[in-house]
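Biologist: I am new to this structure, and I would like to understand how its descriptions are justified. Could we look at it together and take the terms one by one?

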Amino acid sequence: MAFPIRSSIQSPLRAVVNLCFVSVCISALLVLTPFAAVQADSSARILNMADGSPLDMGVNNVQLLDATSVGKRMIAVGEQGLIVISDDGGDSWLRTDSTTMATLTAVYFVDDQHGWIVGHRGVALYTTDGGNSWTQGEMELPEEQNAFFDLWFEDTQRGLALGTFGVVAETTDGGKTWQGRYVLGEDSDFDRHMYAMSELADGVLIIAAEQGYLLRSLDRGETWEEIESPYEGSYFGAITADDNRILVFGMRGNAFRSDDAGDSWDKIELGGNMSLQGASRLVDGRVVLAGSGGFVGVSEDNGQTFKRLLIPGRADIISVLSVTDDQLVTFGLKGVAKRSISFAAAQ
């Protein structure tokens, strides 16, 4: 199938990588209270999963761009085909073979065995053994070496991957083969990079994209429409909270929530100018936003308000997973760190 060539004003790199420089420009003081005291545990070296030998990389000097929990296992992905796994709550990490050196940007599991990873150069991997081994799928794409930034799967067979230049890829065989298409159709001039997708009830999906674009599907990704956006800057993430609430977020501390599947939006006041680059849900259901300058904000009221955790250093943080109610693991441009948290009284 022949595809027309399209261009975009931004390069096809994951938003978090493009914005590494943002933290340099952020004000040293982010006014957001109450704070939590956070103490990072000591770091260690990453081990080879095949034989347990130490690799020439520490857990605190690799770039990790996404992470997920699969039961008690944590899996994170990042630069140069890096896939690391922890089965002990983040105390130690093993590297498994990804079969690629492409930067990996997103990881998604539907159960404890079936998972997928996407990244640059049109790379898509799948596993059927919980992440111990990975196989590359085959992509037919509109753009050569197209980069992908996020994933969603309906079940173990059908899934979607979001990419650059308005391209979405679909698989119906568990990730073995993928077919790319323009998300708003061949006749549309929509060529924006799409960075995140989140699922609501009744088959509704929301895409957050660059330059303030939001897209919605009412039929699990078969068709899409552009919806009104409350913001003209780029979005880098989206996450679904309880009660069918969705949050979208991006540049300059901008975050918004919707309780009506994207028909209307309310601004979330975070009190800072950081670039928001990732989100997750803790084991107890709390919503977490993460971003540049070491920002981690936790919501205990379903995304209505956020409290900032005081993270040592100013490294960009992309994702946060919880081990227990008072322990979490952060992932970002300076690797992975296990941290203990305790919220201070409100000021």
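Biologist: What joins strand 8 to strand 9, and through how many residues?

Modeller: In this predicted model, a hairpin makes that connection, with five residues leading from strand 8 to strand 9.

Biologist: How do you know that strand 8 and strand 9 pair?

Modeller: Pairing requires at least two bridges found by DSSP, and strand 8 (residues 104-109) shares five bridges with strand 9 in the antiparallel sense, so the two strands count as paired. Within that pairing, V107 has I117 of strand 9 as its bridge partner.

Biologist: What makes strand 9 and strand 10 a pair as well?

Modeller: Four bridges join strand 9 to strand 10 (residues 124-127), and the two run antiparallel; because at least two bridges are required, they too are a pair. Here I117 stands opposite L125 in strand 10, while in the hairpin of these strands, which has four residues between them, R121 takes a positive phi near 60°.

Biologist: Why is strand 9 called mostly covered?

Modeller: A residue is buried when its relative accessible area is under 20%, and five of the five residues in strand 9 (residues 115-119) are buried, so each of those five falls under that cut-off. Both faces are covered, with G115, I117 and G119 buried on one side and W116 and V118 buried on the other.

Biologist: What share of the protein's residues count as buried?

Modeller: Of its 347 residues, 57% count as buried, and the protein contains two helices and 31 strands.

Definitions and conventions:
Residues are numbered from 1 along each chain as its sequence is written. This is a predicted model: local features need pLDDT of at least 70, side-chain atom pairs count only at pLDDT 80 or more; totals for chains, interfaces and linings use all residues. Side-chain values use heavy atoms; hydrogens and water are left out. Buried means under 20% relative accessible area, exposed over 50%, partly exposed in between (1.4 Å probe, protein chains only).
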